[in-house]
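Here are a few exercises to work through with the model open in your viewer. Try each one before you read its solution.

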Amino acid sequence: MGNSILDALIEKDKALLIYLNNLGNEKWDALWLTITNQFNWIPLFIVILLVLAWKLGVKKTAFTLLFIVVLVAFSDQFTNLIKNLTGRIRPCNALEMQEYLRQFSYKPGGKSFWSGHASLSTTFTTFIILILRKKIKYIYFLVLFPLIFGYSRIYLGVHYPVDVTVGFLSGIVLGTIFYKLYSFLFLKIFKERL
(Lines give C-alpha, C1' and ligand atoms only; values in the text may rest on other atoms or scores of the structure.)
Protein backbone atom coordinates (compact mmCIF):
# COMPACT_ATOMS: atom_id res chain seq x y z
CA MET A 1 0.00 0.00 0.00
CA GLY A 2 2.72 2.49 1.07
CA ASN A 3 4.81 1.75 -2.03
CA SER A 4 1.85 2.21 -4.38
CA ILE A 5 1.14 5.66 -2.88
CA LEU A 6 4.78 6.64 -3.31
CA ASP A 7 4.82 5.31 -6.88
CA ALA A 8 1.66 7.26 -7.70
CA LEU A 9 3.19 10.43 -6.24
CA ILE A 10 6.38 9.95 -8.28
CA GLU A 11 4.33 9.48 -11.47
CA LYS A 12 2.29 12.63 -10.76
CA ASP A 13 5.54 14.50 -10.05
CA LYS A 14 6.93 13.40 -13.43
CA ALA A 15 3.71 14.33 -15.24
CA LEU A 16 3.65 17.79 -13.62
CA LEU A 17 7.29 18.37 -14.57
CA ILE A 18 6.60 17.38 -18.19
CA TYR A 19 3.60 19.73 -18.31
CA LEU A 20 5.41 22.72 -16.75
CA ASN A 21 8.65 22.14 -18.66
CA ASN A 22 6.77 22.01 -21.98
CA LEU A 23 5.10 25.36 -21.29
CA GLY A 24 8.55 26.83 -22.01
CA ASN A 25 9.35 28.67 -25.21
CA GLU A 26 12.67 29.23 -26.98
CA LYS A 27 12.34 33.01 -26.70
CA TRP A 28 12.32 32.70 -22.88
CA ASP A 29 15.07 30.09 -22.54
CA ALA A 30 17.96 32.56 -22.28
CA LEU A 31 16.14 34.45 -19.50
CA TRP A 32 15.59 31.30 -17.43
CA LEU A 33 19.18 30.16 -17.99
CA THR A 34 20.28 33.57 -16.64
CA ILE A 35 17.90 33.34 -13.66
CA THR A 36 19.12 29.87 -12.65
CA ASN A 37 22.76 31.01 -12.43
CA GLN A 38 23.30 32.03 -8.78
CA PHE A 39 26.11 34.43 -9.73
CA ASN A 40 23.62 36.59 -11.61
CA TRP A 41 21.89 37.29 -8.28
CA ILE A 42 25.00 38.95 -6.78
CA PRO A 43 23.50 42.47 -7.21
CA LEU A 44 20.55 41.40 -5.02
CA PHE A 45 22.93 40.08 -2.35
CA ILE A 46 24.90 43.36 -2.43
CA VAL A 47 21.67 45.34 -1.97
CA ILE A 48 20.70 43.11 0.98
CA LEU A 49 24.15 43.58 2.53
CA LEU A 50 23.84 47.37 2.17
CA VAL A 51 20.35 47.29 3.71
CA LEU A 52 21.67 45.24 6.64
CA ALA A 53 24.50 47.74 7.14
CA TRP A 54 21.99 50.61 7.02
CA LYS A 55 19.59 49.00 9.49
CA LEU A 56 22.03 47.21 11.82
CA GLY A 57 25.29 49.12 11.58
CA VAL A 58 28.73 47.80 10.65
CA LYS A 59 29.50 45.58 13.69
CA LYS A 60 26.12 43.85 13.69
CA THR A 61 26.25 43.44 9.92
CA ALA A 62 29.70 41.81 10.16
CA PHE A 63 28.28 39.39 12.76
CA THR A 64 25.26 38.76 10.50
CA LEU A 65 27.50 38.15 7.49
CA LEU A 66 29.54 35.61 9.44
CA PHE A 67 26.30 33.90 10.41
CA ILE A 68 25.15 33.87 6.77
CA VAL A 69 28.41 32.15 5.75
CA VAL A 70 27.74 29.39 8.31
CA LEU A 71 24.09 29.18 7.21
CA VAL A 72 25.07 28.81 3.53
CA ALA A 73 27.72 26.16 4.29
CA PHE A 74 25.36 24.16 6.51
CA SER A 75 22.42 24.35 4.08
CA ASP A 76 24.63 23.32 1.17
CA GLN A 77 26.20 20.36 2.98
CA PHE A 78 22.91 19.21 4.50
CA THR A 79 21.30 19.28 1.03
CA ASN A 80 24.20 17.25 -0.39
CA LEU A 81 23.77 14.70 2.40
CA ILE A 82 20.06 14.31 1.58
CA LYS A 83 20.79 14.09 -2.16
CA ASN A 84 23.36 11.34 -1.59
CA LEU A 85 20.99 9.43 0.71
CA THR A 86 18.03 9.56 -1.69
CA GLY A 87 20.02 9.19 -4.93
CA ARG A 88 17.23 10.49 -7.18
CA ILE A 89 18.52 11.11 -10.71
CA ARG A 90 17.87 14.56 -12.19
CA PRO A 91 15.09 14.48 -14.79
CA CYS A 92 17.39 15.98 -17.44
CA ASN A 93 19.73 12.98 -16.94
CA ALA A 94 17.03 10.28 -16.58
CA LEU A 95 16.78 8.25 -19.78
CA GLU A 96 13.04 7.64 -19.41
CA MET A 97 12.39 11.44 -19.32
CA GLN A 98 14.51 12.48 -22.32
CA GLU A 99 11.80 12.26 -24.98
CA TYR A 100 9.29 14.21 -22.88
CA LEU A 101 11.39 17.18 -21.77
CA ARG A 102 12.67 20.18 -23.69
CA GLN A 103 16.42 19.75 -24.13
CA PHE A 104 19.05 22.24 -22.97
CA SER A 105 22.82 22.11 -23.13
CA TYR A 106 22.70 22.93 -19.39
CA LYS A 107 22.58 19.50 -17.69
CA PRO A 108 24.14 19.59 -14.23
CA GLY A 109 25.34 16.36 -12.66
CA GLY A 110 24.63 15.31 -9.12
CA LYS A 111 21.35 14.16 -7.66
CA SER A 112 17.90 15.72 -7.75
CA PHE A 113 16.15 15.43 -4.37
CA TRP A 114 15.89 18.01 -2.96
CA SER A 115 16.76 21.15 -4.90
CA GLY A 116 19.78 22.92 -3.43
CA HIS A 117 18.82 26.10 -5.30
CA ALA A 118 15.34 26.08 -3.74
CA SER A 119 16.56 25.09 -0.27
CA LEU A 120 19.48 27.50 0.03
CA SER A 121 17.66 30.49 -1.48
CA THR A 122 14.70 29.88 0.85
CA THR A 123 16.93 29.39 3.91
CA PHE A 124 18.70 32.68 3.15
CA THR A 125 15.47 34.53 2.36
CA THR A 126 13.65 33.28 5.47
CA PHE A 127 16.62 34.29 7.61
CA ILE A 128 16.83 37.81 6.10
CA ILE A 129 13.07 38.38 6.26
CA LEU A 130 12.97 37.40 9.93
CA ILE A 131 15.84 39.79 10.69
CA LEU A 132 14.40 42.76 8.80
CA ARG A 133 10.62 42.26 9.11
CA LYS A 134 10.30 44.86 11.89
CA LYS A 135 12.59 47.32 10.14
CA ILE A 136 11.42 47.20 6.50
CA LYS A 137 7.73 47.10 5.65
CA TYR A 138 8.07 45.49 2.22
CA ILE A 139 10.79 42.93 3.02
CA TYR A 140 8.32 40.10 2.32
CA PHE A 141 8.68 40.83 -1.41
CA LEU A 142 12.06 39.12 -1.06
CA VAL A 143 10.16 35.80 -1.17
CA LEU A 144 10.01 36.28 -4.97
CA PHE A 145 13.73 35.43 -5.11
CA PRO A 146 13.45 31.74 -4.12
CA LEU A 147 10.14 31.31 -5.96
CA ILE A 148 11.58 32.52 -9.28
CA PHE A 149 14.94 30.84 -8.66
CA GLY A 150 13.23 27.54 -7.79
CA TYR A 151 10.90 27.65 -10.80
CA SER A 152 13.91 28.07 -13.09
CA ARG A 153 14.96 24.55 -12.06
CA ILE A 154 11.65 23.11 -13.28
CA TYR A 155 11.65 25.22 -16.45
CA LEU A 156 15.08 23.82 -17.35
CA GLY A 157 14.13 20.24 -16.42
CA VAL A 158 16.89 19.82 -13.84
CA HIS A 159 14.52 19.20 -10.90
CA TYR A 160 11.10 17.70 -10.37
CA PRO A 161 8.38 19.87 -8.74
CA VAL A 162 8.58 17.79 -5.53
CA ASP A 163 12.34 18.45 -5.36
CA VAL A 164 11.74 22.19 -5.51
CA THR A 165 8.74 22.15 -3.14
CA VAL A 166 10.56 20.13 -0.48
CA GLY A 167 13.57 22.42 -1.01
CA PHE A 168 11.33 25.39 -0.21
CA LEU A 169 9.97 23.68 2.92
CA SER A 170 13.42 22.65 4.16
CA GLY A 171 14.60 26.22 3.58
CA ILE A 172 11.79 27.65 5.71
CA VAL A 173 12.68 25.25 8.53
CA LEU A 174 16.45 25.83 8.31
CA GLY A 175 16.07 29.60 7.94
CA THR A 176 13.86 29.73 11.02
CA ILE A 177 16.22 27.56 13.09
CA PHE A 178 19.21 29.69 12.09
CA TYR A 179 17.26 32.86 12.91
CA LYS A 180 16.43 31.55 16.41
CA LEU A 181 20.10 30.73 17.05
CA TYR A 182 21.17 34.07 15.57
CA SER A 183 18.68 35.96 17.79
CA PHE A 184 19.94 34.15 20.89
CA LEU A 185 23.59 34.97 20.11
CA PHE A 186 22.71 38.52 19.00
CA LEU A 187 21.13 39.16 22.40
CA LYS A 188 24.13 37.65 24.22
CA ILE A 189 26.70 39.62 22.24
CA PHE A 190 24.98 42.97 21.66
CA LYS A 191 22.71 42.96 24.74
CA GLU A 192 19.67 43.88 22.66
CA ARG A 193 16.84 42.21 20.80
CA LEU A 194 16.34 42.48 17.07
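**Exercise 1.** Which helix gives the largest share of the lining of the largest pocket?

*Solution.* Bear in mind that this is a predicted model. Start with the pocket itself: about 680 Å³ of space lies in it. Its lining has 31 residues, and those closest to the centre are Gln-38, Val-72, Leu-120, Ser-121 and Phe-149. Next, go through the helices: H3 (42-56), H4 (58-86), H5 and H6 (144-155) each put at least two residues into the lining. H4 takes the prize, with nine residues. To finish, sort the lining by class, and you get 15 nonpolar, 11 polar and five charged residues.

**Exercise 2.** Work out what span helix H5 should have, and check that against its end C-alpha atoms.

*Solution.* H5 runs over residues 116-132, which makes 17 residues. The expected span is 1.5 Å times one less than that number, so it comes to 24 Å. The end C-alpha atoms are 24 Å apart, which agrees. While you're at the N-terminal end, look at the cap: a side-chain oxygen of Ser-115 sits 3.4 Å from the backbone nitrogen of His-117.

**Exercise 3.** Is H5 largely enclosed or largely open? Then find what H5 gives to the largest nonpolar core.

*Solution.* Count the buried residues, taking under 20% relative accessible area as the cut-off. For H5 the count is 15 of 17, so the helix is largely enclosed by the rest of the structure. Now turn to the core, which has 32 residues. Leu-52, Phe-127, Ile-128, Ile-131, Leu-132 and Tyr-182 have the most contacts inside this core. Two or more residues come from each of H2 (26-36), H3, H4, H5, H6 and H7 (161-190). H5 gives the largest share, seven residues. That fits a familiar pattern: nonpolar side chains in soluble globular proteins tend to be buried together.

**Exercise 4.** What does the side chain of Thr-64 reach, and which side chain does it pair with?

*Solution.* First place the residue: Thr-64 is in helix H4. Its relative accessible area is 0%, so Thr-64 is buried. Then follow the side chain, which reaches the backbone oxygen of Lys-60 at 2.6 Å. A polar contact, also listed at 2.6 Å, joins the side chains of Thr-64 and Tyr-182. Leu-71 is in H4 too, and it's buried with a relative accessible area of 0%. From Leu-71 to Thr-123 is 52 residues in sequence, but 7.9 Å in space, C-alpha to C-alpha.

**Exercise 5.** Where is the cis peptide bond, and what is the phi of Lys-191?

*Solution.* Recall the background: most residues other than glycine have a negative phi, and most peptide bonds are trans. The cis bond joins Phe-113 and Trp-114, with omega about -5 degrees. Trp-114 lies in the loop between H4 and H5. As for Lys-191, its phi is near 55 degrees, a positive value. You'll find Lys-191 in the segment after H7, and at 67% relative accessibility it counts as exposed.

**Exercise 6.** Which residues line the largest cavity?

*Solution.* There is one cavity of 30 Å³ or more, and the largest cavity holds about 40 Å³ of space. Its lining is Leu-130, Ile-131, Arg-133, Lys-134, Lys-135, Tyr-179 and Leu-194. Sorted by class, that's four nonpolar, no polar and three charged residues.

Notes:
Residues are numbered from 1 along each chain as its sequence is written. This is a predicted model: local features need pLDDT of at least 70, side-chain atom pairs count only at pLDDT 80 or more; totals for chains, interfaces and linings use all residues. Side-chain values use heavy atoms; hydrogens and water are left out. Helices (H or I, at least four residues) and strands (E, at least two) are DSSP runs, numbered from the N terminus. Buried means under 20% relative accessible area, exposed over 50%, partly exposed in between (1.4 Å probe, protein chains only). A polar contact is a pair of N or O atoms within 3.5 Å; within protein, one must be able to donate a hydrogen and the other to accept it, and residues adjacent in sequence count only if both atoms are side-chain atoms. On a 1 Å grid over the protein atoms alone, a cavity is a set of points where a 1.4 Å probe fits but cannot get out, and a pocket is an open set with protein on both sides within 12 Å along at least five of seven lines; lining residues have an atom within 4 Å of a point. Grid points are joined across faces, edges and corners, and a volume is the space filled by probe spheres set on the points. Ala, Val, Leu, Ile, Met, Phe, Trp, Tyr, Cys and Pro count as nonpolar, Asp, Glu, Lys and Arg as charged, and the others, Gly among them, as polar. A nonpolar core is a set of buried Ala, Val, Leu, Ile, Met, Phe, Trp, Tyr and Cys residues joined through side-chain atoms within 4.5 Å.
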